[in-house]
Amino acid sequence: MDEKSASATVGDRPGREGDPDDVDRFLVGEIRRGDQRAWKQLIDRYHGRLTAFARGRLRDAAEVDDTVQEAFVGFVTSLPHYDESRPLETYLFTILRYKVGEALSRRKRGGEIGRGARDDDDAMDVADPSGSETPSGIAANEEVRRRQERLLADILRRLIAELREREKLEDVQVLEMLFFLGLRNKEAADRLGRDEKSVAGVKFRAIQRLQAFLDEIRAASGSEAALDHSELSGEATIARVWRERRLTCLKRSTLGSYLLGVLEEPWEGFTRFHLDVVECPMCRANRDDLNTPTASVPASDPNERIFQSSVGFLSRTGG
Ligand SMILES: [Zn+2]
């Protein structure tokens, strides 16, 4: 793989040809129409990685299976509220994370001492996305917020693409530390073995570029883009958008190449960094899923149980 094609896979996001998101969009469309085969396909597609994610947080296999099943049921019942501009995989992980949290607190109430949630568990929205009804009163605000987040995601994507094209992956890593992990300049500098000033410089230049992209969009659209410059310093918002949109996350194909040892530098190093230093829980779940030997999958189809338990909700959604 040459660098150019590798660069197109690392942290790439929607809108490209052959993008897995297109498959997701197609499946979701069919599921919304009540197509049971599409629902089964979606379960088959995501079951492995969701199970790998739950396995890292829950102790016994039955609890893992139940929680993954609950997440799928949660998804299908919340389908009317699902915003398709958000990546499906992230949405499923968010629901699963919530269900894992529920399972952990159930266990706690049962008087057991659990392993507890990992540190990263509070880093995402903890509200149950599958349980959220949207009363009409807050729907308008919700729409404004979504527009702002889409715009923010757009300019962040441009920034990351630009840094990637220039092979400034070290800068992307600094930004992952600051924005994905929410570290302070000093902490990020220490962990990267850089000095604090250079980290601050990377951040400063990034904010400047984001402002420039925002101005470009404003000029091009001719209208007031729904994002204030001050939003750019709202680091909590940037962090949330960065995580939810998986801006620097790895494609399954990239993780596959990485596991096969055929990913070249600097992408190999970038992948290792994202998995082992940033410890992105979603990419790690994908890696673990890809790492699971096919032979260990039981002969009976475990996804059939999930399908049977959730398909009833489908017809109610599809009507
Ligand atoms: Zn990731």
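The legends below describe close-up views of a predicted model. In this model, local features need pLDDT of at least 70 and side-chain atom pairs count only at pLDDT 80 or more, while totals for chains, interfaces and linings use all residues. Residues are numbered from 1 along each chain as its sequence is written, and side-chain values use heavy atoms, with hydrogens and water left out.

**View 1. The zinc ion and its protein donors**. Cys249 (SG), His274 (NE2), Cys280 (SG) and Cys283 (SG) lie 2.1 to 2.3 Å from the zinc ion. Donors are N, O and S atoms within 2.8 Å of the metal (3.2 Å for Na, K and Ca); water is not among the atoms, so sites may look incomplete. Along the chain, the donors follow the spacing C-x24-H-x5-C-x2-C. The four donor atoms make angles of 103 to 115°, and the site is tetrahedral (four donors with all angles between 85 and 135 degrees). Both His274 and Cys283 are buried; buried means under 20% relative accessible area, exposed over 50%, and partly exposed in between, with a 1.4 Å probe and protein chains only.

**View 2. Helix α12 and the residues beside it**. Helices are DSSP runs (H or I, at least four residues), numbered from the N terminus. Helix α12 covers residues 267–277, and eight of its eleven residues are buried, so it is largely enclosed by the rest of the structure. Among the buried residues are Trp267, Phe270, Phe273 and the zinc donor His274. Pro266 sits in the loop between α11 (252–260) and α12, and a cis peptide bond with omega of about 5° joins Glu265 to Pro266. Just after α12, Glu279 has a positive phi of about 55°.

**View 3. Asn303 and its contacts**. Asn303 belongs to helix α14 (residues 302–318) and is buried, with a relative accessible area of 7%. Leaving aside neighbours within four places in sequence, Asn303 is in contact (heavy atoms within 4.5 Å) with Lys40, Ile43, Asp44 and His47. The side chains of Asn303 and His47 are joined by a polar contact of 3.0 Å. A polar contact is a pair of N or O atoms within 3.5 Å; within protein, one must be able to donate a hydrogen and the other to accept it, and residues adjacent in sequence count only if both atoms are side-chain atoms.

**View 4. The salt bridge of Arg209 and Glu162**. A salt bridge is a side-chain nitrogen of Lys or Arg within 4 Å of a carboxyl oxygen of Asp or Glu, and the whole structure has 21 of them. In this one, the N to O distance is 2.7 Å. Arg209 lies in helix α9 (residues 196–221) and Glu162 in helix α6, so the pair ties together parts that are 47 residues apart in sequence. Arg209 is partly exposed at 30% relative accessibility, whereas Glu162 is buried at 16%.

**View 5. The salt bridge of Asp289 and Arg252**. The closest N and O atoms are 2.9 Å apart. This pair links distant parts of the chain, with Asp289 in helix α13 (residues 281–291) and Arg252 in helix α11, 37 residues apart. Asp289 is buried, with a relative accessible area of 16%; Arg252 is partly exposed, with 28%.

**View 6. Arg246 in a network of salt bridges**. The network links Arg246 with Arg49 and Glu89. Arg246 lies in the loop between α10 (235–244) and α11 and counts as buried at 2% relative accessibility. Although Arg246 is not a glycine, its phi is positive, about 55°.

Conventions: Four donors count as tetrahedral if all angles lie between 85 and 135 degrees; four count as square planar and six as octahedral if opposite donors are over 155 degrees apart and all others between 65 and 115; anything else is irregular. Helices (H or I, at least four residues) and strands (E, at least two) are DSSP runs, numbered from the N terminus.
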